[in-house]
Amino acid sequence: MNAPLAAERSPAAHGSVDGREPVLTARNVSVDYEVSPVVHAVRDVSITLHRGEILGLAGESGCGKTTLAYGINQLLRPPANLTSGEITFHDQDGTDVDLRRLEGEALRAFRWDKISMVFQGAMNSLNPVITIRAQLHDVFTTHRPGMTKKQKEERSQELLRKVGVDPNRLDSYAHQLSGGMRQRVMIAMALALNPQVMIMDEPTTALDVVVQRGILREIMRLREEFNFAVVFITHDLPLLLEISDRIAVMLQGEIVELDTAANIYENAQHPYTRRLLSSFPSLTGDRGSFIRTGEEA
Ligand SMILES: Nc1ncnc2c1ncn2[C@@H]1O[C@H](COP(=O)(O)OP(=O)(O)OP(=O)(O)O)[C@@H](O)[C@H]1O
């Protein structure tokens, strides 16, 4: 039942971003929490995300992963301050958008539409007093005012089907759904406007392993279908080795290593990456079936 990891199975099977266009570029991004003493949470981070790529962001709790993701998506609030850097979104229509210059309505319109995010514990952020239908329809009412009620309904049903939830569940309230289903609904909401980038911050951590793997397979499948790029944040490096094209390893606010998943697994350069790899007994143990292909061991 032991399942070989992606890198063991075929080192070159994934991990290449050759020939793919960039969809998001962050250059020399730094974020401070302006408290006393100041916390330098993100330090001079540069990262390029390519179209359709899954970029894993690994590192222990507190290393700055969430702060970086929020910074990229312009979601930081005081005392967080993005002190320097450039963040550019390369739209598929050919225009470059300087995210740091977007504000107000323009920024709200941009989020969800171009870059969507599934937050840590997102399944608990569904509105408890309105149905799943009303929440999905709301996304369209806000971002696609031209859509008819019928179109919203059809699209909502389609989205639930895509994430493996019965469309009958549109009538449900959040508390009537299991944790896994709620998280699938959040993924459906993040997918609603066909974003080019999805940032997923520990999207499955709170779920049990079987549910987690089911959802990860779904994300892999959806990515194949829609070709959005994913920034996948987790402290679970073995999981990233299975699902990522490339992995960035973060330590105390800096990216200390960025390479293909296969190279990180086989030939990690930074001592911290090697330490992270050796701290997971599951790397040599039973991790169940293989997520990326859905192939059972
Ligand atoms: N509101 C805040 N005020 C002060 N410091 C903060 C604040 N939020 C986060 N920090 C600090 O910033 C650093 C980075 O935190 P961040 O949450 O980005 O890390 P993380 O890698 O995402 O951790 P986790 O996986 O636990 O969410 C940590 O040292 C944290 O204590």
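Two residues are taken to be in contact if their C-beta atoms, placed from the backbone, lie within 7 Å. A residue is buried if 20 or more other C-beta atoms lie within 10 Å of its own, exposed if 12 or fewer, and partly exposed in between. Helices (H or I, at least four residues) and strands (E, at least two) are DSSP runs, numbered from the N terminus.

The structure is a predicted model, in which local features need pLDDT of at least 70, side-chain atom pairs count only at pLDDT 80 or more, and totals for chains, interfaces and linings use all residues. Residue numbers start from 1 along each chain as its sequence is written. The predictor assigns the complex an ipTM of 0.96 and a pTM of 0.87. Mean pLDDT (the predictor's confidence in each residue, from 0 to 100) is 87 for the protein, and 88% of the residues score at least 70. The pLDDT is below 50 over residues 1–15, a stretch with 35 contacts in the model beyond near neighbours in sequence. Residues 284–289 also stay under 50, with 11 contacts beyond four places in sequence.

The protein contains 10 helices and 10 strands. Of its 297 residues, 39% are buried. Among contacts between residues at least 6 apart in sequence, 71% join residues at least 24 apart.

Helix α7 (residues 209–226) packs through its buried residues against α5, α6 and α8 (237–243). These buried residues are Q212, R213, I215, L216, I219 and L222. The helix has 18 residues and reaches 25 Å from its first C-alpha to its last, close to the 26 Å expected at 1.5 Å a residue. The expected span is 1.5 Å times one less than the number of residues. N227, just after α7, takes a positive phi of about 60°.

Helix α4 (residues 132–143) has 12 residues and an expected span of 16 Å, and its end C-alpha atoms are 17 Å apart, which agrees. I132, L136, H137, V139 and F140 are buried in α4. They cover an arc of only 145° around the axis, which puts them on the same side of α4. The arc is that of the directions from the helix axis to the C-beta atoms. An α-helix has 3.6 residues a turn, so residues three or four places apart point the same way. The cover over the buried residues of α4 includes α5 (149–162) and α6 (179–191).

The ligand is surrounded by 14 residues, the closest being Y33, A41, S61, T66 and T67. A residue belongs to this shell if its C-beta atom, placed from the backbone, lies within 6 Å of the ligand. Strand β2 (39–50) and helix α2 (65–72) are the elements that give two or more residues. Helix α2 gives the most, with 3 residues.

T88 lies in strand β4 (residues 80–90). The C-alpha atoms of T88 and A26, 62 residues apart along the chain, are separated by 6.4 Å. Residues up to four places away in sequence aside, T88 touches T25, D96, V97, D98 and L99.

Most residues other than glycine have a negative phi, and most peptide bonds are trans. The S36 to P37 bond is cis, with omega near -5°. P37 lies in the loop between β1 (22–33) and β2. A second cis bond joins P78 and P79, with omega about 10°. P79 lies in the loop between α2 and β4. D44 has a positive phi near 55° and lies in strand β2. E202 has a positive phi of about 45° and is found in the loop between β7 (197–201) and α7.
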